[in-house]
Amino acid sequence: MSANPYGFFDDQAREYVITRPDTPLPWLNYLGQDEFFGLCTNTAGGYTFWKDAKLRRLTRYRYNNVPYDLGGRYLYVNDGGTVWNPGWKPVKAKLDRYECRHGLGYTTIAAGKDGLEVTQKMCVPPGENLELWQVTVKNTGNVAKSPKIYSYQEFCFFEALNDMTNYQRTYSIGEVEVEGNAIYHKTEYRERRNHYTLFACTRDISGYDTSRDAFVGIHEGLHEAKVPFSGKAGNSKAFGWNPVGSHEISLHLEPGQEETFAFILAYVDHTLVKFTGEKFTAPYVINKTVGRAIVEKYSKTGAVDKAFADLKGYWDENLSHFQVESPDPHATRMANTWNQYQCMATFNMSRSASMYETGIGRGMGFRDSNQDLLGFVHMIHDRARERILDIAATQLSDGTCYHQYQPLTKKGNAEVGGDFYDDHLWLILSTVSYIKESGDKGILDAPCGYADRKYGSDSEKETLLHHLETSIAYTMRMRGPNGLPLIGHADWNDCLNLNCHSTEPNESFQTAGDVGGSKAESVMIAGLFLYAARELSGLYSFLGREADSDRIAADRKTMLDIVESVAWDGEWYTRAYDSQGKVIGSKANPEGKIFIESQGWAVLGGAGADNGRARQALESVHKHLYTKNGIVLQQPAYSTYHPEYGEVTSYPPGVKENAGIFSHNNTWIHLGWCLLGEGDRALEYYHSICPSNKEEQIETYRSEPYVYAQMTAGKDAPCFGEAKNSWLTGTAAWTFVVVSQGIFGIQPDFAGLKVDPCIPRGWPGFKVVRKFRGATYQIEVRNPKKVSKGVVSVTVDGKVVAGNVLPILPAGTVAKVVVELG
Ligand code: BGC
């Protein structure tokens, strides 16, 4: 029995099963793994895009709608005049049975009413630019039935912002064609586009609609759409206004009989498929050769089943790189399945498209994408390599970085610009973790170039290593009166805007204010620098470049001495100095006395390691910031707005960066406890934000119990424990680092796979299967002495290995490893 009245984990099937459609918030899943993606909620809501949710949106979705989630991959059933949807919405008829299974890259919604069962199984097949809905309709009653099924999706005119704002144009440009069972949405194809959207059925249809006004009505809502309620397709042809795609399927099913068919929603881009035919076959008639071939392919028996099987194979492979068996059910299921899955969603989406990110705002974040990489690099290093080089190319030659870039163009977003003085350092973390995972040192010589320079050829471009050096030099150069790094617009905490001083409500905290000549400094960036510099110095040492390693280590030592001399407040590390040189995050402040980020990064960067401060800093976090729902960002919360601190003080106490529980930064403290060998505390903290552990309090928590949310309301908020902004958060990657490298202690390193667990004392041990550089390590960790940390012996295939780094084995090898703690 699940403690959650809305659903349960099916760990065997790697699915989250939702048993009631009226979840406390829409619970989302993603379809797609390459370039074609869909958002799909538990009531079939959501939309589809190719590569870029802003520039190539294929179907429409109205964010913050009423209800929140309305519009999507709808099927209407008209069974003898009774109209219902298998996903419950939009009609919301009472269903006899409803079940939604969110799986890896697919969602299955199955519902039944009055002896009719409809199953809608949705996915994007690997390598394809299309989405499939496999639909099975079964007569489970004892009389024959002749139901009609209507598909429904609203087409988007590709550029989503224009599509939802510029109606004086968009109401006049919509164009479609219908051929057989296929609807072609071809708006703007006549001008500069060489692509269209195809929405087809693999089975014969008895009618169609392409005009929203005809299908839904002018004054009607989706829950009372005219066509499905009348049971008669209008065969409408959209001309302008709002084109939609709807097929009418007329079935006859004897008792026990079922029929399966599929819908295909495809992005057909002639430039992608190297199509050489004519664009039009007759005036206004688009060339449908590619579209027809797609319909033909998926109309063949078994083709759709094969797509689902391929998808399963794709995920089995991805997840096989790390699998654990442990005494803790939450850590086990999250690490094995959902956490890794969420990491891939952040790889694909960055922070662009979710229920909270509209796909038209932020593109890919520089710091976000670098951190996301830590969570997926073990699954897909080739794509991680490409991602690192793309990100690096948006750095400027002085060391600053475009804060965001558009995935389609891979160009920096000039509106947001740069000058967030932590961005460049994350590039070192992602690059080093990629090299540790893959062994590919060659990436350091790959040409990247800087976004503000022009190059004739790749050979003129500066290498990735050049970028890493530029990043270190930049932080060393850009320091303030105390010797700490300058903060610029903000550091990781996008809302700590010490140079903005905004009193004008119509401006952005992030981009307003002049950072030039500013003196505001960040202790968090200093801690991050300590970490990044240690990583780069270690990399040089591995490359045999000891002089370079020492040079970077010397910079690190300089910074460490500064942190210890100016940033220790007595019981914890301070957070920053403001533009007037006044301290932030100190006992001296009436509010915002202690912040989480600087404790995390000082400790991870190695500050306080020899003088007891690291432990003291974390104990202060425990005393002042820790709650059963996670660690709040600072205390006391700011009760009033301070222009000199910026957006952090704009939020009501207890939410977002003003003393909310920002899951992302919690993980740095978790890793801190692991460093200090406190396994019980690490797991307790891990549980405090673990979504799988929230099922018992789901009415308060509200968000999906299978993925992390960015933020949970803190103790100062009236809704303490309520989570928001699920899915696209750096928490995914960092918790995977916590659980896989911190708690289970499986740490990729330059020369091999290091094993250094930090577990609760009560655990007898655990097992991990880890693929690393092509070999498979079947690791059994035993804990006979009931310790948290400390490897005393390691054997690989029965042979004793000195130390705790497993050697790199020939690709294809399967090795049995036994590790004993003591
Ligand atoms: C942003 C991150 C930022 C964090 C904390 C997130 O919304 O994507 O870049 O570090 O908020 O402010």
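A polar contact here is a pair of N or O atoms within 3.5 Å; within protein, one must be able to donate a hydrogen and the other to accept it, and residues adjacent in sequence count only if both atoms are side-chain atoms.

Before you start: this is a predicted model, where local features need pLDDT of at least 70 and side-chain atom pairs count only at pLDDT 80 or more, while totals for chains, interfaces and linings use all residues. Residues are numbered from 1 along each chain as its sequence is written, and side-chain values use heavy atoms, with hydrogens and water left out.

**Exercise 1. The ligand site**

Task: Work out which residues are around the ligand and how much of its area the protein buries.

Solution:
- Start with the surroundings (a heavy atom within 4 Å of the ligand): R351, R362, R367, D368, W492, N493, D494, E657, F662 and Q710.
- Now look for polar contacts. Polar backbone atoms of W492 and D494 sit 2.4 Å and 3.0 Å from an oxygen atom of the ligand.
- From a side chain, an N or O atom of Q710 comes to 3.0 Å from a ligand oxygen.
- Finish with the area (Shrake-Rupley method, 1.4 Å probe). On its own the ligand exposes 310 Å², and the protein buries 93% of that.

**Exercise 2. Helix 12 from end to end**

Task: Compare the length of helix 12 with its expected span, then find what happens at its ends.

Solution:
- Helices are DSSP runs of H or I, at least four residues, and strands are runs of E, at least two, numbered from the N terminus. Helix 12 covers residues 523-542, 20 in number.
- The expected span is 1.5 Å times one less than the number of residues. For helix 12 that gives 28 Å, and the reach from first to last C-alpha is close to it, at 29 Å.
- At the N-terminal end, S522 is the cap, with a side-chain oxygen 3.2 Å from the backbone nitrogen of M524.
- Just past the helix, G544 has a positive phi of about 80°.
- Check burial (under 20% relative accessible area is buried, over 50% exposed, in between partly exposed; 1.4 Å probe, protein chains only). Since 16 of its 20 residues are buried, helix 12 is largely enclosed by the rest of the structure.
- A nonpolar core is a set of buried Ala, Val, Leu, Ile, Met, Phe, Trp, Tyr and Cys residues joined through side-chain atoms within 4.5 Å. The largest one has 255 residues, and those touching the most other members are Y76, L198, W601, Y686, I743 and F744. Helix 12 gives the most to this core, 13 residues.

**Exercise 3. S688 up close**

Task: Is S688 buried or exposed, and what does its side chain reach?

Solution:
- Place it: S688 belongs to helix 17 (residues 679-689).
- With a relative accessible area of 3%, S688 is buried.
- Its side chain gets to the backbone oxygen of Y685, at 2.6 Å.
- Skipping residues up to four places away in sequence, the contacts (heavy atoms within 4.5 Å) of S688 are Y626, T627, K628, N629, G630 and K694.

**Exercise 4. Backbone oddities**

Task: Which peptide bond is cis between strand 8 and strand 9, and what is the phi of W88?

Solution:
- Recall that most residues other than glycine have a negative phi, and most peptide bonds are trans.
- P90 lies in the loop between strand 8 (82-84) and strand 9 (97-102), and the bond from K89 to P90 is cis, with omega near 0°.
- W88 is in that loop too, between strand 8 and strand 9; its phi is positive, near 75°.
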